[in-house]
Amino acid sequence: MAWDEWEQLKSQTAQDGSTRMQLNQLDPGDGGRPAPDPGQYGDLKVHQKDLAKIGQNAFDLYDDLWNKGRRAVPTSESAAGTLTKGGFALGSALQHVALRWDQQLSSLRDACAHISNHMRVTKNLHADDDGYIRRQMSSIDLLDAGFDERVGPPGKHNSVYGEPDDKKGKK
């Protein structure tokens, strides 16, 4: 943004008297209404069979990459050797391409293996997350009750904390 444009925007803001914060985002088109309750859409659920299917597809891709992706490498390496022996510069270039292909194929197979292995253990690792979150939220509700003025009239003792001790402060 040019300096003159920046100065112009600052002066316009000063003239408007606007000092509010503005977030740079697209208006969702809902007229500023609050977002709907996320609970109305249901809970996120993942079943073991879904994870297993993703893991199996990743494993199948891993096998296919080995069985079908490696076919070109020996042929290319052989052709590169023949071209190099014949004095063609193209031989070393083809050898480079075959090496890079093999490296990229190995990297892709590693990623597939990682996905396959991860899908096998994800459901078990996160099985207790819902219970943990539920326990944490219930302790927050109890804490909130201690700060809620609706529990008692303002300025009066909040019954959430039990009965006041008359002996405190007296000697």
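**Exercise 1.** Which residues of H2 are buried?

*Solution.* We're working with a predicted model here. Start with the cut-off: buried means under 20% relative accessible area. In H2, the residues that count as buried are Leu51, Gly55, Ala58, Leu65 and Gly69. Now look at how they sit around the axis: they cover an arc of only 100°, so they lie on the same side of H2. That fits a general point: an α-helix has 3.6 residues a turn, so residues three or four places apart point the same way. Finally, flip to the face of H2 turned away from the buried side, where you'll find the exposed residues Lys49, Lys53 and Lys68.

**Exercise 2.** Work out what helix H2 should span, and check it against the model.

*Solution.* H2 runs over residues 48-69, which makes 22 residues. The expected span is 1.5 Å times one less than the number of residues, and that gives 32 Å for H2. The end C-alpha atoms of H2 are 30 Å apart, which agrees.

**Exercise 3.** Place Trp6 and say whether it is buried, partly exposed or exposed.

*Solution.* Find the element: Trp6 is in helix H1, residues 3-16. Then take its relative accessibility, 40%, which is why Trp6 counts as partly exposed. Last, check its company: Trp6 joins Trp3 and Leu9 in a nonpolar surface patch of about 360 Å².

**Exercise 4.** Sum up the whole protein.

*Solution.* Count elements: there are five helices and zero strands, in the order α-α-α-α-α. Of the 171 residues, 11% count as buried. The accessible surface comes to about 15000 Å², with 56% of it belonging to carbon and sulfur atoms.

Notes. Residues are numbered from 1 along each chain as its sequence is written. This is a predicted model: local features need pLDDT of at least 70, side-chain atom pairs count only at pLDDT 80 or more; totals for chains, interfaces and linings use all residues. Side-chain values use heavy atoms; hydrogens and water are left out. Patches are made of residues with over 30% relative accessible area and no salt bridge: like charges are joined within 9 Å, nonpolar side chains (Val, Leu, Ile, Met, Phe, Trp, Tyr) within 5 Å. Accessible areas come from the Shrake-Rupley method with a 1.4 Å probe; for residues, only the protein chains shown count as cover. A salt bridge is a side-chain nitrogen of Lys or Arg within 4 Å of a carboxyl oxygen of Asp or Glu. Helices (H or I, at least four residues) and strands (E, at least two) are DSSP runs, numbered from the N terminus. Buried means under 20% relative accessible area, exposed over 50%, partly exposed in between (1.4 Å probe, protein chains only). The arc is that of the directions from the helix axis to the C-beta atoms.
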